Amino acid sequence: MFDTLDRKIIQMMQNEFPLVAEPYKELASQIGISEEELLKRLQRYQKEGQIRKMGVVLWHRKVGFAANALCAWQAPTDRLEEAGIMMAQMPSVTHCYTRTPYSDWPYNLYTMIHAQTREECKQLAEELAALTRLTDYTLLFSTKEWKKTSMRYFQEG
């Protein structure tokens, strides 16, 4: 169970991470505790499985990736895992997952790729196709970058 301080820490950790030399020290100061206490509690949350990870939300377009595409692949079932592992290891792929295909939508493997131009995205898809020997795919280009948010906890009061 979380106490009042735990709730306050989790609230702070869901916000923008301070871009300073000692971000944990800054956050601890805002919470009113020492940096050591903050780190100790964060380590405990992770050890106990209450926090799985801390991550970054990248706004692709703001950092120069103007062309972003979901590439849907039609992979034979017996090659699905192998192809997925190969694609997931490529630096151009940020997401790689499977979905159930349907009669009117046969794609079962999805990768998200990012580049500066659509032509570069197409080239990356061709490279992935050559790497995996998967030839049936379609590129669905993003037209808008939506607001990216995660669940937020302990926001009351």
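Which residues have the most contacts inside the largest nonpolar core? This tour of a predicted model starts with them and then moves outward.

**The largest core**

Select Trp73, Leu109, Ile113, Cys121, Leu134 and Leu139. These residues have the most contacts inside the largest nonpolar core, which has 20 residues. Now colour the elements that build this core: strand S1 (67-73), helix H4 (80-88), strand S3 (109-115), helix H5 and strand S4 (137-141) each supply at least two of its residues. Helix H5 gives the most, with five residues. In general, nonpolar side chains in soluble globular proteins tend to be buried together.

Stay on Trp73 and show its surroundings. Setting aside residues up to four places away in sequence, Trp73 touches a long list of residues, among them Met87, Leu109, Ala125, Leu128, Leu134 and Tyr137.

A second, separate core can be picked out as well. This core has 13 residues, including Ile9, Met13, Ala28 and Leu42.

**The whole chain**

Zoom out until the full trace is visible. The protein has five helices and four strands, and from the N terminus on its elements run α-α-α-β-α-β-β-α-β. The radius of gyration is 21 Å, well over the 15 Å that the globule rule gives for 157 residues, so the protein is more spread out than a compact globule. Along its principal axes, the C-alpha trace spans about 55 × 35 × 25 Å.

Colour residues 4-48 and residues 67-141 separately: the domain assignment gives these as domain 1 and domain 2. The centres of the two domains, taken over C-alpha atoms, are separated by 38 Å. Across the protein, buried residues make up 33% of the 157 residues. Of the contacts with a separation of 6 or more, 65% are between residues 24 or more positions apart.

**Helix H1**

Go to helix H1, residues 4-13, and select Asp6, Ile9, Ile10, Met12 and Met13, which are buried. Looking down the axis of H1, the buried residues fall within an arc of 160 degrees, so they line one face of the helix. They pack against helix H2 (23-31) and helix H3 (35-47). At the start of H1, look for Asp3: one of its side-chain oxygens reaches to within 3.1 Å of the backbone nitrogen of Leu5.

**Helix H4**

Move to helix H4 and select Leu80, Ala83, Gly84 and Met87, which are buried. Which part of the helix do they line? Seen down the axis of H4, the buried residues fall within an arc of 100 degrees, so they line one face of the helix. Their packing partners are S1, strand S2 (93-98), S3 and H5.

Next, select Glu81, which is also in H4. Is Glu81 buried or exposed? Glu81 counts as exposed, at 61% relative accessibility. Add Thr98 to the selection: Glu81 and Thr98 are 17 residues apart in sequence, and their C-alpha atoms are 9.0 Å apart in space.

**The end of helix H5**

Follow helix H5, residues 118-132, to Thr132. Thr132 is buried, with a relative accessible area of 0%. A polar atom of the Thr132 side chain lies 2.8 Å from the backbone oxygen of Leu128. Leaving out residues up to four places away in sequence, Thr132 touches Arg79, Ala83, Met86 and Met87.

Then step to Arg133, which lies in the loop between H5 and S4. Arg133 is exposed, with a relative accessible area of 58%. Although Arg133 is not a glycine, its phi is positive, at about 65 degrees.

**His60**

Finally, select His60, in the loop between helix H3 and S1. His60 is buried, with a relative accessible area of 12%. Which side chain does the side chain of His60 join through a polar contact of 3.4 Å? The partner is the side chain of His114. To see the other surroundings of His60, show Phe65, Asn68, Thr94, Glu145 and Lys148. These five are among the residues in contact with His60 once neighbours within four places in sequence are left aside.

Note on methods. Residues are numbered from 1 along each chain as its sequence is written. This is a predicted model: local features need pLDDT of at least 70, side-chain atom pairs count only at pLDDT 80 or more; totals for chains, interfaces and linings use all residues. Side-chain values use heavy atoms; hydrogens and water are left out. Buried means under 20% relative accessible area, exposed over 50%, partly exposed in between (1.4 Å probe, protein chains only). A polar contact is a pair of N or O atoms within 3.5 Å; within protein, one must be able to donate a hydrogen and the other to accept it, and residues adjacent in sequence count only if both atoms are side-chain atoms. Contact means heavy atoms within 4.5 Å. A nonpolar core is a set of buried Ala, Val, Leu, Ile, Met, Phe, Trp, Tyr and Cys residues joined through side-chain atoms within 4.5 Å. The arc is that of the directions from the helix axis to the C-beta atoms. Domain bounds come from an automatic or database domain assignment. The radius of gyration is taken over C-alpha atoms; the globule rule is 2.2 Å times the number of residues to the power 0.38.
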